[in-house]
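Grab the model and work through these short exercises. Each one sets a task and then walks you through a solution.

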Amino acid sequence: MNGIAGLFVPGPTNIPEAVRRALDVPMQDHRAPDLPEFTLPLFADVRKVFKSQSAQVFLFPSSGTGGWEAAITNTLVPGDKVLAARFGQFSHLWIELCRRHGLEVEIIDVDWGAGVPLEIYADRLKADTTHEIKAVLACHNETTTGVTSDIAGVRRALDDAGHPALLFVDGVSSIASIDFRMDEWGVDIAVSGSQKGFMLPAGLAILCVSQKALEARHRAALARCYFDFNDMIATNKDGYFPYTPAMSMLHGLRASVDRLLEEGMDNVFARHHYLAEGVRRAVDAWGLDLCAKEPKWHSDTVSAIYLPDGFDSGALLKRAYSRYGVSLGAGLSKVAGKVFRIGHLGDLNEIMVMMALAGSEMAMRDIGVQVEPGSGVAAAQEYYRQAENGYRDAKPGLIAAE
Ligand SMILES: *Cc1c(COP(=O)(O)O)cnc(C)c1O
């Protein structure tokens with residue numbers, strides 16, 4: 001293939017050149033006396049990405065899934081009850097992981113296309129007067145359906161019920177892309193991974209853990225070894241790790257965090273919103289529907305788009321990839337074959353987004369979906385053209401959510 005391939009899956013995301021170069025370092029001594037000069041500020045700056053002052057950052061060589069495991073095994077006891085809603089493949093998998101660890105999960109099944117049901121969470125928490133529920137799980141951004149949930153609302157439900165359960169958030173496809181506020185929302189553990197908003201290869205689970213959740217480790221009794229917070233705490237405090245750290249990834253993370261903080265987290269969020277909005281305009285122009293049922297669920301990192309009945313999104317992905325070199329996200333589990341996804345997170349700009357839209361449009365027409373040629377691209381163009389300085393002059397009314 002000539003030119004560049006289009007990577008528009010919702011993780012791994014495109015890596016900025018500066019970050020890619022930062023990954024390429026000679027191997028170094030991970031017990032060197034000057035290593036803490038690199039690691040201690042890195043922990044502190046990663047914490048800023050989560051908007052936290054007091055939580056502790058953990059960097060495990062793992063993918064995001066390992067972060068889920070670290071969150072529960074360091075805080076809970078076999079048989080503990082956790083409250084969780086299931087509305088996509090990722091919320092489902094976290095629940096499965098809890099069950100395999102012998103936790104009792106109170107599952108609330110929600111239609112795919114909606115997110116965390118705040119009223120039901122509130123009712124369950126109020127009814128649990130003996131505080132059997134030890135942790136509440138919330139998938140901030142369900143990547144399967146392109147649905148973002150209201151984490152501040154989950155915190156309110158806990159507070160209104162006067163419930164002491166820990167709040168665990170899967171932020172793998174939201175943190176460093178969609179508004180996230182660890183301290184303000186009273187999140188106890190936020191789990192992320194390196195290959196989405198952090199714009200790195202897969203290879204790190206990135207966690208932020210509140211002091212309250214750290215306390216819970218003294219009660220925790222699930223089997224854990226590699227992911228034990230205690231070993232990390234004992235060595236991280238001096239800037240080291242209990243085992244060989246993935247130094248290349250940590251250098252990449254340094255470059256990625258520098259970039260995010262330099263742009264400013266609120267600008268990062270505004271940029272994702274702005275690029276996502278162009279995609280939503282295109283979907284509208286195609287006359288197609290998002291999997292997200294209402295605007296309040298719209299995700300700024302991924303759009304899951306229903307093809308009309310009778311078309312197979314697997315065929316669409318294959319066509320887009322093999323004919324145009326464009327990778328789109330597949331429909332997973334319940335929506336397999338029905339939806340395709342455009343990942344619009346990480347290092348992207350308007351023209352790259354339009355590459356995804358043009359590729360989708362051509363491949364849809366190739367498999368027989370009757371979208372007007374150029375209609376989605378045109379809608380996105382006109383939206384982006386209004387903003388002279390891109391998302392930076394996202395004026396109210398001009399770049400409103402809907
Ligand atoms: C990608 C993702 C994960 C975890 O993925 P890994 O492949 O283990 O990094 C978890 N939750 C959500 C919402 C995700 O998007």
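**Exercise 1. Find where His 131 sits and say what is odd about its backbone.**

Step 1: His 131 is in the loop between α5 (118–127) and β5 (133–139). Helices (H or I, at least four residues) and strands (E, at least two) are DSSP runs, numbered from the N terminus.
Step 2: Check phi of His 131: near 60°, a positive value in a residue other than glycine.
Step 3: Most residues other than glycine have a negative phi, and most peptide bonds are trans.

Before you go on, a word on ground rules. This is a predicted model, where local features need pLDDT of at least 70 and side-chain atom pairs count only at pLDDT 80 or more, while totals for chains, interfaces and linings use all residues. Residues are numbered from 1 along each chain as its sequence is written, and side-chain values use heavy atoms, with hydrogens and water left out.

**Exercise 2. Locate Pro 12 and describe the peptide bond leading into it.**

Step 1: Look in the loop between β1 (6–8) and α1 (17–23) for Pro 12.
Step 2: From Gly 11 to Pro 12 the peptide bond is cis, with omega near 0°.

**Exercise 3. Describe the shell around the ligand.**

Step 1: The ligand is surrounded by 13 residues (a heavy atom within 4 Å). The closest are Ser 63, Thr 65, Thr 143, Asp 170 and Lys 196.
Step 2: Sort the shell: 4 nonpolar, 7 polar and 2 charged. Here Ala, Val, Leu, Ile, Met, Phe, Trp, Tyr, Cys and Pro count as nonpolar, Asp, Glu, Lys and Arg as charged, and the others, Gly among them, as polar.
Step 3: Helix α3 (residues 64–73) gives the most to this shell, with 3 residues.
Step 4: Now the ligand's oxygen atoms. A polar side-chain atom of Ser 63 lies 2.5 Å from one, and for Lys 196 the distance from a polar side-chain atom to a ligand oxygen is 2.6 Å.

**Exercise 4. Split the chain into domains and size up their contact.**

Step 1: Domain 1 covers 17–262 and domain 2 covers 264–398; these bounds come from an automatic or database domain assignment.
Step 2: Their C-alpha centres lie 28 Å apart.
Step 3: Contact (heavy atoms within 4.5 Å) takes in 32 residues from domain 1 and 25 residues from domain 2.

Technical notes
A polar contact is a pair of N or O atoms within 3.5 Å; within protein, one must be able to donate a hydrogen and the other to accept it, and residues adjacent in sequence count only if both atoms are side-chain atoms.
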